[in-house]
Amino acid sequence: MASMGTKDTAATTVTADDYQRTTGKLAVVGIAGNCALTAFKLIAGIVGNSAAMVSDAIHSLSDVLATAIAYAGTKLGQKAPDESHPYGHDRFECLASILLGVILVVTGVGIGYGGVMALLSGAAESSAPSVIALVAAVVSILTKEAMFQYTRHHARRIKSSAFEADAWHHRSDAMSSVGALIGIGASMAGFHAGDAIAAIVICLFIFKVAWEVIMGAVNNLLDTPCGPETQAAIRTTLEAVPGIQRIDVLRTRAFGSKIFVDAEVALDGSLTLTQAHNIIEEAHDQVEQDFPDVRHIMIHPNPLQGEPSCGRTTAIMRPRQNVS
């Protein structure tokens, strides 16, 4: 899972068309793949007498909804800034990620409850699963791991937190199938409670993934700064602008895949207002050119001979209107 602390954002440009095309493909792969797996595993679980495989099928069904939510979150997050949301709609992706985490929690509770009730009622001791349940578990592991790798790769390329969360739904499904495989194998070997115990273990794993997904999205909502490498690169860009004598303050905030920058720079105090404005304007444009993911940058000028004024004077503050 992606780090829940500071994060770096690569300067790779992703066009709006590429973003929409990729999210559409990820949605189709996720929904079609999970629908097929749900039907296959549900039939295998019922015919093969495996509570763990039936639980695994429910998990795959929840992934259909998860992919739909991820797609909706990315579509809403790409809406252009408007009067009601002048800084854009990027946080819709974070909200979608939180909702995906909640769905994982609910799924985990349902699977865990089924396993516990099977143990308490003695249903786990009734009979062993058949080979078809074992085959379904293997197919599920291979398919869901492939879906995880595919979705995570493209989610990171287009910097989509919602689809990266969806990728982890695929991984959690793969791991739940590993648990089901172990439980089914144990039951077939004579340890019938192994099937129900596997369902409980699956539940715990899902809770872990849900926690990571939710906390990653919450950190985005709480204005987590970009990583030190990105901040150092932005500082270098500002320092290279002719006329900027010193960087007094540099703050960054990551909103999903976009960056917001606040900076204070020291200029020669004898410059006219127009001269200072032109330097700040050049710095503003240079940062946007070097860092395509910067949604908005505010640069505040301080006189070199004086103390930093902590943002009390006029600054260039122009949000980028069209960011892919």
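## Helices, salt bridges and one aromatic pair

The protein has 8 helices and 4 strands; keep in mind that you're looking at a predicted model. Walking from the N terminus, the elements come in the order α-α-α-α-α-α-α-β-β-α-β-β. The chain has 324 residues, and 48% of them count as buried. Take the contacts with a separation of 6 or more: residues 24 or more positions apart account for 74% of those.

### Helix H1 and Thr23

Let's start with H1, which covers residues 16-47. Does its length add up? With 32 residues at 1.5 Å a residue, H1 should span 46 Å, and its end C-alpha atoms are indeed 46 Å apart, so the two figures agree. After H1 comes Asn49, which has a positive phi, near 60 degrees.

Thr23 sits in H1. Is Thr23 buried or exposed? At 1% relative accessibility, Thr23 is buried. A polar atom of the Thr23 side chain lies 3.0 Å from the backbone oxygen of Gln20. Which residues does Thr23 touch once its neighbours within four places in sequence are set aside? The contacts are Tyr71, Thr74, Ile158 and Phe163.

### Salt bridges

Side chains of opposite charge can pair when their charged atoms come close. How many salt bridges turn up in a search of the whole structure? The search finds 11. Here are three of them, with the N to O distance for each.

| Acidic residue | Basic residue | N to O distance |
|---|---|---|
| Asp18 | Arg157 | 2.7 Å |
| Glu212 | Lys208 | 2.9 Å |
| Asp248 | Arg246 | 2.5 Å |

Take the pair of Asp18 and Arg157, whose side chains meet in a salt bridge. Asp18 belongs to helix H1 and Arg157 to helix H4 (residues 131-158), so this bridge ties together parts that are 139 residues apart in sequence. Asp18 has a relative accessibility of 16%, so it counts as buried. Arg157 is at 30%, which makes it partly exposed.

The pair of Glu212 and Lys208 is a local affair: both lie in helix H6 (residues 193-221), 4 residues apart, or about one turn of the helix. An α-helix has 3.6 residues a turn, so residues three or four places apart point the same way. Glu212 is buried at 17% relative accessibility, whereas Lys208 is partly exposed at 49%. The cut-offs help here: buried means under 20% and exposed means over 50%, so a value of 49% still falls in between.

In the pair of Asp248 and Arg246, both partners are out in the partly exposed range. Asp248 comes in at 22% relative accessibility and Arg246 at 33%. Elsewhere, salt bridges with shared partners link Lys41, Asp63, Lys144 and Asp173 into one network.

### The aromatic pair

The count of aromatic pairs comes to 1. Why is the pair of Phe148 and Trp168 called edge-to-face? The ring centres of Phe148 and Trp168 are 5.1 Å apart and the planes stand at 65 degrees, so the pair is edge-to-face; the cut-off for that label is over 60 degrees. Phe148 is in helix H4 and Trp168 in helix H5 (residues 161-188), so the pair ties together parts that are 20 residues apart in sequence. Phe148 is buried, with a relative accessible area of 0%. Trp168 is buried too, with 9%.

### Back to H6, and the cysteines

Besides Glu212 and Lys208, helix H6 is worth a look for Ala196, which is found there. Ala196 is buried, at a relative accessible area of 3%. Where does Ala180 sit relative to Ala196? The two alanines are 16 residues apart in sequence, and their C-alpha atoms are 9.0 Å apart in space.

If you're wondering about disulfides, the count comes to 0. A disulfide is a covalent bond between the sulfur atoms of two cysteines. Among the cysteines, Cys35 is partly exposed at 40% relative accessibility, while Cys203 is buried at 7%.

Methods:
Residues numbered from 1 in each chain as written. Predicted model: local features only at pLDDT ≥ 70, side-chain atom pairs only at ≥ 80, totals over all residues. Heavy atoms only, no water. Salt bridge = Lys/Arg side-chain N within 4 Å of Asp/Glu carboxyl O. Helix = DSSP H or I, 4+ residues; strand = E, 2+ residues; numbered from the N terminus. Buried < 20%, exposed > 50% of the residue type's maximum accessible area, 1.4 Å probe, protein only. Phe/Tyr/Trp six-rings, centres within 6.5 Å; stacked < 30°, edge-to-face > 60°. Polar contact = N/O pair within 3.5 Å; in protein donor to acceptor, adjacent residues only side chain to side chain. Contact = heavy atoms within 4.5 Å. Expected span 1.5 Å × (residues − 1). Disulfide = S-S within 2.5 Å.
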